[in-house]
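Student: I am new to this structure. Can you take me through it in short steps?
Tutor: Yes. Here it is, and then we begin with one helix.

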Amino acid sequence: MNLIWLDDFLALAATGNFSRAADDRHSSQPAFSRRIRALEEWIGADLFDRSSQPATLTEVGEWFAGVAQELNARVARVPGDARKIAEASSVTLRIASTHALSFTFLPRWLRSLESHTTLGPVQLMSDVLERCEALMLQSKVQFVLSHAHSKAQGALDVEPYGSVRIGEDVLVAVSAPKEGGGARHPLRIGGGSVPVLQYTEQSGLGRIMRAVLGRRLESLPVQVVFTAHLASVLRTMALDGRGIAWLPRTLVEDDMSEGRLVAAAGSEWAVPLEIRLYRDSELLGRAANAFWDTAVGGS
């Protein structure tokens with residue numbers, strides 16, 4: 001059996017129209033019909049009743065519809081399953097981390113784990129949260145490290161993925177200082193328009209900002225003057241006096257203690273964050289499981 005036949009069958013089952021299904025499969029109708037007939041010959045029974053228009057599934061066709069979907073799903077899982085089996089004996093840990101945590105939290109956290117266990121080689125992929133999630137969904141990494149908030153659920157906050165809280169952080173509104181102290185761009189109700197440095201849609205921190213503060217900010221006279229994926233880029237723009245940005249305290253604590261950045265809003269505008277480590281519930285491999293156990297024990 002040719003696996004292409006399964007997609008042909010499902011396309012025809014969805015429409016009952018040979019011409020439309022052939023178009024959906026980017027095939028000529030004669031070639032498409034031949035493949036459907038070849039599938040029926042391989043099974044040894046008719047799958048479609050062609051006596052009516054649109055064509056309808058026979059009893060065997062109804063049964064095979066479930067089989068075809070199951071086979072397609074199983075085939076789609078093969079690459080990921082193969083990678084999991086291959087990594088069962090691997091000592092390399094593959095971690096995807098958002099940029100902000102890669103620069104600040106991750107190095108210190110790994111050092112703290114090494115005081116309890118011996119870590120093997122670590123392969124780090126640093127990217128925006130959306131792409132980190134995609135790497136996990138494709139089984140290309142074993143773990144994802146990111147900021148999280150209960151109001152901003154992501155693709156890994158559902159089964160079969162699990163997570164553990166391993167730290168905390170907070171988004172703080174900051175601005176470059178003006179002469180004599182105070183924020184150059186303070187956020188005030190009833191004040192003038194405030195330039196805001198914003199995260200993109202792909203950013204995990206942007207996802208949290210929109211979920212937690214989006215509506216409140218819309219009620220104020222703010223103007224988005226710059227947008228970027230990375231907190232580090234927004235930090236640079238804030239240091240340059242371009243506007244107000246909500247940045248992780250782990251990223252700007254030195255800037256704030258040395259006066260390069262100052263609070264631009266009250267504590268009611270701060271957003272508490274969790275730092276979470278995500279994993280697939282079917283994680284395989286002694287090294288990966290040992291790493292998870294150590295992370296959970298130290299959380």
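Student: Which residues of helix α7 are buried?
Tutor: This is a predicted model. Helix α7 spans residues 129–137. A residue counts as buried under 20% relative accessible area. In α7 the buried residues are Leu129, Cys132, Glu133, Leu135 and Met136.

Student: What arc do they cover around the axis?
Tutor: The arc is narrow enough to put them on the same side of α7. Its value is only 155°.

Student: Which elements do the buried residues of α7 pack against?
Tutor: The list holds strands and one helix. The strands are β3 (93–98), β4 (122–127), β5 (143–148), β6 (161–175) and β11 (271–280). The helix is α8 (204–218).

Student: Is Ala134 buried, partly exposed or exposed?
Tutor: Ala134 is also found in α7. Buried needs under 20% and exposed needs over 50%. Ala134 has a relative accessible area of 28%, so the class is partly exposed.

Student: How far apart in space are Ala134 and Val122?
Tutor: In sequence they are 12 residues apart. In space, C-alpha to C-alpha, the distance is 19 Å.

Student: Which residue with a positive phi follows α7?
Tutor: Look just after the helix. The phi there is near 60°. The residue is Ser139.

Student: How many aromatic pairs are there?
Tutor: Ring centres must lie within 6.5 Å to pair. By this rule the count is 9.

Student: What is the angle between the planes of Phe9 and Phe48?
Tutor: These two rings form an aromatic pair, 5.5 Å centre to centre. The pair is tilted, and the angle is 50°.

Student: How many residues apart in sequence are the parts that this pair of Phe9 and Phe48 ties together?
Tutor: Phe9 lies in helix α1 (residues 3–15), and Phe48 lies in strand β1 (residues 48–49). Phe9 counts as buried at 0% relative accessibility. Phe48 counts as buried at 3%. The pair ties together parts whose separation in sequence is 39 residues.

Student: Where do Trp246 and Trp269 lie?
Tutor: Trp246 and Trp269 form a tilted aromatic pair, 6.4 Å centre to centre, with 55° between the planes. The pair links distant parts of the chain, 23 residues apart. Trp246 is in strand β9 (residues 244–248), and Trp269 is in the loop between β10 (262–263) and β11.

Student: Is Trp269 buried or exposed?
Tutor: Its partner Trp246 is buried, with a relative accessible area of 1%. Trp269 has 7% relative accessibility. The cut-off for buried is under 20%. So Trp269 counts as buried.

Student: Which residue lies over the face of Trp269?
Tutor: The distance from the ring centre is 4.0 Å. The residue is Arg216.

Student: And which residue lies over the face of Trp292?
Tutor: Trp292 belongs to one aromatic cluster with Phe105, Trp109, Phe143 and Phe291. The residue over its face is 5.1 Å from the ring centre. That residue is Arg279.

Student: Which residues touch the most other members of the largest nonpolar core?
Tutor: This core has 35 residues. Among the elements that each supply at least two of them are β6, β9 and α10 (249–257). The residues that touch the most other members are Leu171, Leu187, Tyr199, Ile244, Trp246 and Leu247.

Student: How many residues are in the second core?
Tutor: The second core is separate. It includes Trp109, Val164, Ile275 and Ala288. Its count is 19 residues.

Student: How many salt bridges does the structure hold?
Tutor: Side chains of opposite charge can pair when their charged atoms come close. One example is Arg131 with Asp127, their closest N and O atoms being 3.1 Å apart. The number of salt bridges is 14.

Student: Is Asp255 buried or exposed?
Tutor: Asp255 forms a salt bridge with Arg260, the closest N and O atoms being 2.9 Å apart. Arg260 is partly exposed, at 36%. Asp255 has 2% relative accessibility, so Asp255 counts as buried.

Student: Which residues do shared partners join into one salt-bridge network?
Tutor: Glu40 forms a salt bridge with Arg37, the closest N and O atoms being 3.0 Å apart. Both lie in helix α3 (residues 29–43), about one turn of the helix apart. The network joins Arg37, Glu40, Asp46 and Arg50.

Conventions:
Residues numbered from 1 in each chain as written. Predicted model: local features only at pLDDT ≥ 70, side-chain atom pairs only at ≥ 80, totals over all residues. Heavy atoms only, no water. Buried < 20%, exposed > 50% of the residue type's maximum accessible area, 1.4 Å probe, protein only. Helix = DSSP H or I, 4+ residues; strand = E, 2+ residues; numbered from the N terminus. Arc of directions from axis to C-beta. Contact = heavy atoms within 4.5 Å. Phe/Tyr/Trp six-rings, centres within 6.5 Å; stacked < 30°, edge-to-face > 60°. Lys NZ or Arg CZ within 6 Å of the ring centre and 35° of its normal. Core = buried A, V, L, I, M, F, W, Y, C linked by side-chain atoms within 4.5 Å. Salt bridge = Lys/Arg side-chain N within 4 Å of Asp/Glu carboxyl O.
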